[in-house]
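I opened a fresh notebook page for this one. Here is what I looked up, in the order I went through it.

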Amino acid sequence: MEMLESYIHQIQRYALLTREEEAEISKRIENGDRAAVTKLVNSNLRLVVSIAKKFNMRGSVSIMDLIQEGNMGLMSAAEKFNYSFNTRFSTYAYTWILQYMLRYLYNKTSMIALPHRKEEFLRKIKTAKEEFYQVYDREPSVTELADFAGVSEEDVAESMAYSYTVTSIDIETSEDGNATIGDLIPDNKYNPEVNYLREVEKSELKNMIESLPDNERKVIYCRYNLANEAHVPTLRELSDSMGVSAETVRQMELRAMRKIRQAAETPVLQAVIA
């Protein structure tokens with residue numbers, strides 16, 4: 001709050017303008033006077049603070065960040081204000097200030113959390129894109145957007161990859177209102193064809209294992225816990241129970257896996273797995 005109080009104290013030195021003064025400044029801005037733009041902005045900085053205070057953010061964002069965004073809206077309004085609008089600048093600027101603040105709040109409270117750096121960069125690209133559209137009245141290409149924002153094309157392309165839009169699944173997709181986005185999302189929980197093929201694969205794999213010699217079959221069952229036992233024996237434990245060396249058990253496992261792979265390469269099983 002000390003920073004806010006200090007900021008308010010600083011901007012109070014800028015005098016408010018009368019309607020006539022605003023009209024005169026507007027004419028100067030129309031003639032390309034940048035100092036006039038600065039004067040119009042400075043005299044309305046208190047308006048931005050007033051609007052920012054009306055948002056009850058409960059500490060979710062910094063009020064100084066909100067004021068900074070509002071000031072950007074104020075500057076945009078100053079660039080476009082014209083005395084022929086027959087209205088006070090504060091009335092005209094209010095919508096611009098509010099728009100920038102709401103956009104900032106939307107980005108900061110987005111439903112999908114992004115890393116801070118990526119979120120800040122994405123906001124920069126979005127702002128540059130909007131400003132480009134205001135200047136040229138069209139959407140920019142990746143190259144134009146990169147030049148306009150002063151970043152590389154690779155960074156712009158990457159930002160587009162993690163940009164997103166949140167849409168309700170209840171939005172209607174047909175004129176009669178009988179279909180929604182949710183209706184178009186496939187339900188993969190139950191797929192008869194996939195389930196059937198999975199069962200066939202399990203059956204074929206079981207037949208392969210059952211065709212192995214007794215010792216090799218036992219090794220495969222134990223090493224891969226096909227019986228779903230609570231304890232999976234180690235190589236040493238398995239060799240002790242079978243009365244052979246651990247190396248012999250390892251060789252049994254290798255032979256068994258080789259036979260299973262060879263059986264899996266048969267045309268019939270390949271057709272099932274494919």
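These entries cover the core, the pocket and one loop residue of a predicted model.

Entry 1, the core. I started with the largest nonpolar core, which has 33 residues. Which members touch the most others? They are Leu40, Ile67, Leu74 and Phe89. I then checked which helices feed this core: helix H1 (2-11), helix H2 (19-30), helix H3 (34-42), helix H4 (45-54), H5 and H6 each give at least two residues. H6 contributes the largest share, nine residues.

Entry 2, Phe89. I listed its contacts, leaving out residues up to four places away in sequence. Phe89 touches Leu40 and Leu74, both of which I had just noted among the best-connected core members. Its other partners are Glu22, Asn44, Ala77, Ala78 and Phe81.

Entry 3, the pocket. Next I turned to the largest pocket, with a volume of about 210 Å³. What sort of residues line it? I found two nonpolar, two polar and six charged ones. Of these ten, Gln68, Glu69, Met72, Glu120 and Arg123 lie nearest the centre of the pocket. Helix H5 (63-80), helix H6 (89-108) and helix H7 (116-136) each supply at least two lining residues. H5 and H6 were familiar from my core entry.

Entry 4, Pro233. Last, I looked up where Pro233 sits, and found it in the loop between helix H12 (214-223) and helix H13 (235-242). Setting aside residues up to four places away in sequence, Pro233 touches Cys222, Arg223 and Leu238. I also checked the C-alpha separation of Pro233 and Cys222: 6.7 Å, with the two eleven residues apart along the chain.

Definitions and conventions. Residues are numbered from 1 along each chain as its sequence is written. This is a predicted model: local features need pLDDT of at least 70, side-chain atom pairs count only at pLDDT 80 or more; totals for chains, interfaces and linings use all residues. Side-chain values use heavy atoms; hydrogens and water are left out. On a 1 Å grid over the protein atoms alone, a cavity is a set of points where a 1.4 Å probe fits but cannot get out, and a pocket is an open set with protein on both sides within 12 Å along at least five of seven lines; lining residues have an atom within 4 Å of a point. Grid points are joined across faces, edges and corners, and a volume is the space filled by probe spheres set on the points. Ala, Val, Leu, Ile, Met, Phe, Trp, Tyr, Cys and Pro count as nonpolar, Asp, Glu, Lys and Arg as charged, and the others, Gly among them, as polar. Contact means heavy atoms within 4.5 Å. A nonpolar core is a set of buried Ala, Val, Leu, Ile, Met, Phe, Trp, Tyr and Cys residues joined through side-chain atoms within 4.5 Å. Buried means under 20% relative accessible area, exposed over 50%, partly exposed in between (1.4 Å probe, protein chains only).
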